[in-house]
Amino acid sequence: MAGQEGGRGGSGAADAGTPTWARELLDHLRPTGRDVRRVVTWLAETVNGTAALQDDSGTLVAGTPMPLDENLVADILAGRIASAATADESGHLRLVRVEHPDPAAAGAAAVLAVARPEPFDRRASDILTHTVQVLELLLRVRETTEAGRRLKRATSDLRLAILQLLMVEDTVSARRVASGLWPGLLDTDTACVYVLEGDAAQRDRLAEECLGLTGDRALVVRCPAMDEHVIIMTTGDAAGEALRSLVDRTPGTLLGGSSPQSLARTATAYGQAVSALAVARVRPDKTALYAERNRPERLMEPAALREWTARLLRPLDTLPHHTRAELLATTRLGLEFTAVAAAKVLGVSRNTVRARMERVESLLRTDFTDLTVRATVHLALSTQVSLADGQADHRSPGRPPVQLGDLLAGPALETWARELLGRLDSDARDLRRTLRSWIAAGGNAERAAQTLAVHAQTVREHVRSAEPVLERQLIAAGGDLYEVVLAHLATGELEHPVLVPHEQGYPDGPGHPDAPVHG
């Protein structure tokens, strides 16, 4: 661009100390000044007129709307002419084609219209010509930026879709989707899930850092349920070390990680990582891995547990495989998290989550508002994955079916349960009694308070006080709470839930079509 004021008959030196129109126009190409609307506004002011930029649909992009000859506009947009000029008693008008890079339409263009009272002299014509060039550059930059954003958004959505497929145990589809962009990422039997927690306003930056650190070795997803969380699924130890280093140098962040799990147990791994975050909050390094502590199912006789699980979930076996897997995975997440959180993780509505869980309730003939029922079904669902791997055990003819009471009666489990709940005995507030009443009331502090003749806030404070003693989250329902519920069942402090397991030959329960089974 020339730096002279063409049309005024003099050089730019005549305006020493004042930016020329060319310099002003160039300023609009600086990173801080790239705005199409500002350029059009500047053009109108500089030529002492009005200006408007409209796209090929007639939509105003920038400037002041003005009536235009539709035939001239159509000719310019079609490429039959590059520009047009008209004049009447109201003033002078110029129409100029502006190339507009639109990925959806070849040869897309916009029209820049400039009107002014005086004729267009050389200076005004030069300003208009160079402004068109700047606008084309800015539109190209904007489209390139938007295309980059669309690509990032599409890639992010694809990562989330893969995670959601894994959450419902559809590993075949997840591998198929991942193989196109990240070949080899899911070519593994086991993986770990990490959850990085930080400031919600900084989550995009943290996600980008995670992508940079892990590359193609991990699946990085912005958690759809928690704005503060980034979910990272990785198959190697190096990615875990890189994430811990990120927490070291980023104040205010926490990292929780799962133990290695099969891809079909991604939902379980996610729950473990969220649980580990609670431990990370009190750790000096703000990181924690899920501890493989003595879990109640590990203290039960494996063959009996699998037989009982298969029997309890048998009503779902009549469903199509996809429907059954969908119901099981949704219920597993719905028991770990709220319906809203589970819905966001799965990419469905909360009403869909509730409808699926109600269907499972109906098939199992049970009530999920009862915490002992939730804990029992959660135990079965946690065991169910091994049944899908062909590890089911079948009862020998003549041997009575395994009941929940049989599973809870083992000496190892009873010892574990008494040790766990015994930790509460040293507190003079009788936390154990409060916790037992709260569980019996379905986790409802108000109903428990009525039973105990105390204030509901007292119940909540007692339950929160029990969390660090038991090293488990209780207020946020999930696996930690269900372990504590099973401990109460094992010690006999709570009654076993009424279940109606399915027996072959007796569709409504063993021994008699209408006979409910306690445990």
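Over the ring of which residue does the charged end of Arg 116 sit? In this predicted model, the answer is Phe 120: the charged end of Arg 116 is placed over that ring, 5.5 Å from its centre. Arg 116 belongs to strand β5, which covers residues 109-116, and this strand offers a handy way into the rest of the fold.

For a reader meeting the structure here, a short overview may help. The protein chain contains 19 helices and 13 strands. Of its 519 residues, 49% are buried. Its accessible surface amounts to about 24,800 Å², and carbon and sulfur atoms account for 51% of that area. When contacts between residues at least 6 apart in sequence are considered, 62% of them join residues at least 24 apart.

Strand β5 is part of an open sheet of five strands, arranged in the order β2-β1-β5-β4-β3 with antiparallel pairing. The edges are taken by β2 (60-63) and β3 (83-88); each has a single partner strand, so one side of each is left without a neighbour in the sheet. From one strand to the next, the twist averages 15°.

The pairings can be followed across the sheet, starting from the β2 edge. There, β2 is joined to β1, residues 50-54, by three bridges in the antiparallel sense. Within this pairing, Ala 52 has Gly 63 of β2 as its bridge partner. Further along the order, β5 and β4 run antiparallel and are joined by eight bridges. One of the facing pairs here is Val 96 with Leu 112, the latter in β5. At the other edge, β4 and β3 pair in the antiparallel sense over six bridges. These two strands form a hairpin, with two residues between them. Asp 88 stands opposite Gly 91, which lies in β4. As a general point, side chains in a regular strand alternate between the two faces of the sheet.

Helices accompany this sheet. Helix α2, made of residues 36-46, packs on the sheet and touches β1, β2 and β5. The direction of α2 makes about 150° with that of β1. Helix α3, residues 70-78, lies across β1, β3, β4 and β5, and α3 runs at about 25° to β4, the strand of residues 91-99.

Attention now turns to aromatic rings. How many aromatic pairs are counted in the model? The count comes to one. In general, such a pair is described by the distance of the ring centres and the angle of the planes. The partners are Tyr 270 and Phe 337, with ring centres 5.2 Å apart and planes at 45°, so the pair is tilted; planes under 30 degrees apart would count as stacked and those over 60 as edge-to-face. Tyr 270 is found in helix α8 (residues 266-280), while Phe 337 occupies the loop between α10 (321-336) and α11 (339-346), so the pair ties together parts that are 67 residues apart in sequence. Tyr 270 and Phe 337 are both buried.

Another buried residue is His 378, which has a relative accessible area of 9% and is placed in helix α13. Which residues does His 378 contact, once its neighbours within four places in sequence are left aside? They are Leu 335, Glu 336, Gly 479 and Tyr 482. The C-alpha atoms of His 378 and Leu 333 are separated by 9.6 Å, although these residues are 45 apart along the chain.

Several loop residues complete the picture. Is Asp 187 buried or exposed? With 64% relative accessibility, Asp 187 counts as exposed, because the exposed class begins over 50%. Asp 187 lies in the loop between α5 (171-181) and β6 (190-197). Between Asp 187 and Arg 175 there are 7.6 Å from C-alpha to C-alpha, and the two are 12 residues apart in sequence.

Two further loop residues have a positive phi without being glycine: Lys 286, with phi near 60°, and Arg 365, with phi near 55°. Lys 286 sits in the loop between α8 and β11 (287-289) and is partly exposed, at a relative accessible area of 32%. Arg 365 is located in the loop between α12 (350-364) and α13 (371-388), where Arg 365 also counts as partly exposed, with 47% relative accessibility.

Note on methods. Residues numbered from 1 in each chain as written. Predicted model: local features only at pLDDT ≥ 70, side-chain atom pairs only at ≥ 80, totals over all residues. Heavy atoms only, no water. Pairing = 2+ DSSP bridges. Helix = DSSP H or I, 4+ residues; strand = E, 2+ residues; numbered from the N terminus. Axes fitted to C-alpha atoms, helices over the stretch in contact; angles between N-to-C directions. Contact = heavy atoms within 4.5 Å. Phe/Tyr/Trp six-rings, centres within 6.5 Å; stacked < 30°, edge-to-face > 60°. Buried < 20%, exposed > 50% of the residue type's maximum accessible area, 1.4 Å probe, protein only. Lys NZ or Arg CZ within 6 Å of the ring centre and 35° of its normal. Areas by Shrake-Rupley, 256 points an atom, 1.4 Å probe, with all protein chains shown as cover.
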